[in-house]
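Thank you all for coming. I would like to walk through one model this morning, going element by element, and I will put the sequence and the structure up before I begin.

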Amino acid sequence: MTPTRPAELLATWEAGLAQRDSGRSLLLHRAARPGAGTDELLSMPVGEREADLFALRRALFGERMQVRVECASCGEAMEFDLDATLLGARARTTDGPLRVEEDEWVVEFRLPTVAALAAAGAVPDPADARRLLLVRCTVSAVRGGEAVPPERLAGLLPERVQQRLAEKAADADPAADVTLNVACPKCGEATRAELDIASYLWTELDNWARDLMLDVHLLATAYGWSEPEILALSPLRRRYYLELCADA
């Protein structure tokens with residue numbers, strides 16, 4: 001994947017200012033896969049999108065990620081570095097739907113897509129959101145030899161079968177949920193924290209864009225250059241000109 005050019009990244013950032021989380025995730029995914037259409041991006045498994053965003057993050061900002069987590073027990077702020085090359089593993093290639101057989105149940109299902117997760121995330125009640133996701137991902141369900149409609153599964157499917165479905169999906173699509181387990185140096189308790197790469201990457205892009213806009217302002221004021229001319233400079237040359245401005 002070729003890193004996006006500064007002007008294109010600024011356009012992505014500008015468009016994202018008026019969007020919510022799902023809209024920003026889609027914009028970032030377009031930056032990661034510039035040749036893909038919206039329907040293609042929305043139909044991808046969630047982990048495939050996350051893997052694309054981790055790859056984009058590495059291309060733009062490097063392999064080192066600084067993470068801040070608050071201890072759930074004592075409130076201590078914990079800061080540490082992560083190696084981004086270890087995150088965002090690609091989903092394993094599967095032929096057809098996944099299958100779980102447990103007791104009298106046989107359930108075939110597909111991995112949650114970006115669109116399915118967004119639809120579930122728009123539902124206020126967590127139980128209703130899980131029910132919607134189950135309906136959208138289920139290909140077929142059979143109990144004791146009799147077919148069960150997907151819309152009835154939430155009320156009939158035993159907890160252990162639902163757990164098997166979640167485990168099977170996590171194994172097939174490991175990048176869909178990157179959860180950190182961090183031990184607090186102060187109290188010793190462990191805190192589990194989800195690493196939301198879309199939110200993390202957007203924050204980095206926002207900081208980068210605002211810093212770059214300031215650079216453009218300073219260089220345009222000092223030299224009378226246009227924004228495209230300044231953005232065409234390499235980061236090293238841009239920094240050198242800014243140092244000359246400061247020394248003047």
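How many residues does helix 8 have, and how far does helix 8 reach from its first C-alpha to its last? Before I answer, please keep in mind that this is a predicted model. Helix 8, residues 159–172, has 14 residues and reaches 20 Å from the first C-alpha to the last, which is close to the 20 Å expected at 1.5 Å a residue.

The buried residues in helix 8 are Val161, Leu165, Ala169 and Ala172. These four lie on the same side of helix 8, because they cover an arc of only 75° around the axis. As general background, an α-helix has 3.6 residues a turn, so residues three or four places apart point the same way. As for what this buried side meets, the buried residues of helix 8 pack against strand 3 (98–102), strand 4 (105–109) and helix 6 (126–137).

That brings me to the sheet. It is an open sheet of four strands in the order 3-4-5-6, and the pairing is antiparallel. Strand 3 and strand 6 (146–147) are the edge strands, each of them pairing on one side only. Strand 5, residues 138–143, pairs with strand 6 in the antiparallel sense over two bridges, and Arg143 stands opposite Glu146 in strand 6. Two helices should be placed relative to this sheet. Helix 6 lies across strand 4 and strand 5, and runs at about 95° to strand 5. Helix 8 packs on the sheet by touching strand 3 and strand 4, and the direction of helix 8 makes about 150° with that of strand 3.

In the loop between strand 3 and strand 4 we find Asp103, which has a positive phi of about 55° although it is not a glycine. Is Asp103 buried or exposed? With a relative accessible area of 57%, Asp103 counts as exposed, because the cut-off for that term is over 50%.

Let me turn to another pair of strands. Strand 1 and strand 2 pair in the antiparallel sense over seven bridges, and they form a hairpin with six residues between them, where Gly75 in the turn has a positive phi of about 85°. Within this pairing, the bridge partner of Glu70 is Ala77 in strand 2.

Now the interior. The largest nonpolar core has 36 residues, and those that touch the most other members are Phe54, Met65, Leu82, Leu87 and Leu195. Among the elements that give two or more residues to this core are helix 1 (6–16), helix 4 (46–61), strand 1 (64–70), strand 2 (77–83) and helix 9. The largest share, 10 residues, comes from helix 9. If we leave aside neighbours within four places in sequence, Leu195 is in contact with Phe54, Met65, Leu82, Leu87, Val178, Leu180 and Tyr200. Apart from this core lies another, of 15 residues, including Leu111, Leu153, Leu157 and Ala172.

I will finish on helix 9, residues 197–223, where Asp215 has its place. Asp215 is buried, because its relative accessible area of 11% falls under the 20% cut-off. Again leaving aside neighbours within four places in sequence, the residues in contact with Asp215 are Arg238, Arg239 and Leu242.

Note on methods: Residues are numbered from 1 along each chain as its sequence is written. This is a predicted model: local features need pLDDT of at least 70, side-chain atom pairs count only at pLDDT 80 or more; totals for chains, interfaces and linings use all residues. Side-chain values use heavy atoms; hydrogens and water are left out. Buried means under 20% relative accessible area, exposed over 50%, partly exposed in between (1.4 Å probe, protein chains only). Contact means heavy atoms within 4.5 Å. The expected span of a helix is 1.5 Å times one less than its number of residues. The arc is that of the directions from the helix axis to the C-beta atoms. Two strands pair if DSSP finds at least two bridges between them. Axes are lines fitted to C-alpha atoms, for helices over the stretch in contact, and angles run from 0 to 180 degrees between N-to-C directions. A nonpolar core is a set of buried Ala, Val, Leu, Ile, Met, Phe, Trp, Tyr and Cys residues joined through side-chain atoms within 4.5 Å.
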